[in-house]
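Here are some worked exercises to try with a model open in your viewer. Have a go at each task before reading its solution.

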Amino acid sequence: MIRAHARFKGKDGDHFRLEVGAREVLAREVVLDTGTRSAVPPIENLHEQDFINSENWLDRPQLPDRLVVVGGGYIGLEMGQFYRRLGSEVTIVQHGAQIAGHEDRDVADALQQLLEDERIGFRIGAKATRVRKLAAGLALTLDTDAGCEELEASDLFVAVGRQPNTDEQGLETIGLAPDDEGIIDVDSRLRTEVAGVWAVGDIRGGAMFTHTSWDDYRIVASQVLGDGSRTLDRVVPYAIFTEPQLGRVGMTEDEARRAGRNIRVGRFDMAGNGKARELGETRGFIKVVVDADSCKLLGTAVLAEDAAELVQLYVILMNVDAPYTVIENAVLIHPTLAEAAQSVFLTL
């Protein structure tokens with residue numbers, strides 16, 4: 001273990017030469033796992049502001065009075081609700097047509113309504129273009145369909161995505177070139193175009209989650225030390241850790257329709273689940289998208305209490321490539337939230 005910055009310095013025969021701090025290291029194989037950092041959008045004067053992001057928020061003990069969050073994705077929504085519940089006045093600015101842009105519109109709209117119920121404000125379809133300092137706080141200029149407007153706040157949280165840490169690694173010395181966004185292209189076994197160099201985690205693109213990075217390790221270990229059978233052909237779930245949570249796996253309804261699949265869609269409101277009523281947490285619903293020909297589950301959205309746990313039932317179902325009737329016909333414990341994961345199939 002060497003705690004230092006490493007960068008390639010070319011090749012030496014069949015070895016890669018790396019400068020690691022003050023020393024040189026030779027290696028036959030290298031795994032790149034340098035992660036990402038918060039992306040900085042092209043907002044005029046932003047670099048002059050002491051803005052908050054996912055790297056530095058824990059270093060800010062002072063609670064913002066009025067917080068503007070630029071970005072309506074996973075981090076923006078989670079942190080917006082976090083600060084609102086601590087007492088900040090929060091407005092989330094989203095350039096796209098909806099929050100949580102990867103989700104079906106009905107799911108995103110339902111999540112937005114739940115956050116609006118907590119008095120979180122939204123500016124949808126608004127692009128942040130400029131920020132200027134005020135005597136007490138800042139003013140953010142928004143470009144909207146109705147024209148420009150200014151939004152005043154005490155603090156600014158920037159959450160518009162992640163930037164791969166591939167710009168200071170000396171990759172050009174070994175002929176490895178990331179794309180315009182800094183992503184390193186890999187094959188299904190996480191091999192780069194340079195033999196002996198692997199790329200794992202966020203820098204290889206795709207789903208940027210801790211659990212996918214961990215499974216990337218299992219893929220590389222399979223190639224180097226095992227039978228080489230593990231690949232990127234896998235089912236990847238994720239969750240937005242708002243309250244209630246949004247658990248997701250597989251295709252959305254929109255994706256399935258665009259792919260030309262013959263589908264059936266089911267939806268079950270959590271208010272119909274006995275355990276949810278006992279807990280006093282009946283907000284949200286479960287939505288499933290099923291292939292009408294094979295009865296295989298294509299995707300699920302769970303907007304509910306403990307959604308990140310409930311969605312795992314569907315992850316297992318998809319991993320074993322079984323029809324949805326396996327869950328539909330199972331005997332589940334009553335009263336549990338998991339019964340809702342079964343009840344949704346009865347609505348098909």
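**Exercise 1.** Work out whether Arg60 is buried, partly exposed or exposed, then look at its salt-bridge partner.

*Solution.* This is a predicted model, so keep in mind that we're reading computed values.
- Step 1: buried means under 20% relative accessible area and exposed means over 50%. Arg60 comes out at 24%, so it's partly exposed.
- Step 2: find the partner. The side chain of Arg60 meets that of Asp50 in a salt bridge, at 2.8 Å from N to O.
- Step 3: place the pair. Arg60 and Asp50 are both in the loop between strand S5 (36-38) and S6, ten residues apart.
- Step 4: classify Asp50 too. Its relative accessible area is 61%, so Asp50 is exposed.

**Exercise 2.** Find where Glu150 and Arg132 sit, and say how exposed each one is.

*Solution.*
- Step 1: the two side chains form a salt bridge, with 2.8 Å from N to O.
- Step 2: this pair links distant parts of the chain, since Glu150 belongs to strand S11 (residues 147-153) and Arg132 to strand S9 (residues 127-134), 18 residues apart.
- Step 3: Glu150 has 38% relative accessibility, so we call it partly exposed. Arg132, at 31%, also counts as partly exposed.

**Exercise 3.** Take the salt bridge between Arg234 and Asp216, then trace the network around it.

*Solution.*
- Step 1: the closest N and O atoms of Arg234 and Asp216 are 3.0 Å apart.
- Step 2: Arg234 is in the loop between helix H3 (210-224) and strand S15 (237-240), while Asp216 is in helix H3. They're 18 residues apart.
- Step 3: Arg234 is partly exposed because its relative accessible area is 22%. Asp216 has 0%, so it's buried.
- Step 4: now widen the view. Arg204, Asp215, Asp216, Arg218, Arg230 and Arg234 are linked in a network of salt bridges.
- Step 5: for the whole count, salt bridges come to 27.

**Exercise 4.** Check the length of helix H1 (residues 74-86), and see what it packs against.

*Solution.*
- Step 1: H1 has 13 residues, and at 1.5 Å a residue it should span 18 Å. The end C-alpha atoms are 19 Å apart, which agrees.
- Step 2: list the buried residues of H1. They are Gly76, Leu77, Met79, Gly80, Gln81, Tyr83 and Arg84.
- Step 3: recall the helix rule. An α-helix has 3.6 residues a turn, so residues three or four places apart point the same way.
- Step 4: the buried residues of H1 pack against strands S6 (66-70), S7 (89-94), S8 (121-124) and S12 (155-158), and against helix H2 (105-116).
- Step 5: look just past the end of H1, where Gly87 takes a positive phi of about 125°.

**Exercise 5.** Put the four strands of the open sheet in order and find its edges.

*Solution.*
- Step 1: the order is S8-S7-S6-S12, with parallel pairing.
- Step 2: S8 and S12 each have a single partner strand, so they stand at the edges and one side of each has no neighbour in the sheet.
- Step 3: from one strand to the next, the twist averages 20°.
- Step 4: zoom in on S7 and S8, which run parallel and are joined by four bridges. Val93 has Arg123, in S8, as its bridge partner.
- Step 5: bring H1 back. It lies across S6, S7, S8 and S12, and it runs at about 165° to S7.

Note on methods: Residues are numbered from 1 along each chain as its sequence is written. This is a predicted model: local features need pLDDT of at least 70, side-chain atom pairs count only at pLDDT 80 or more; totals for chains, interfaces and linings use all residues. Side-chain values use heavy atoms; hydrogens and water are left out. Helices (H or I, at least four residues) and strands (E, at least two) are DSSP runs, numbered from the N terminus. The expected span of a helix is 1.5 Å times one less than its number of residues. Buried means under 20% relative accessible area, exposed over 50%, partly exposed in between (1.4 Å probe, protein chains only). Contact means heavy atoms within 4.5 Å. Two strands pair if DSSP finds at least two bridges between them. Axes are lines fitted to C-alpha atoms, for helices over the stretch in contact, and angles run from 0 to 180 degrees between N-to-C directions. A salt bridge is a side-chain nitrogen of Lys or Arg within 4 Å of a carboxyl oxygen of Asp or Glu.
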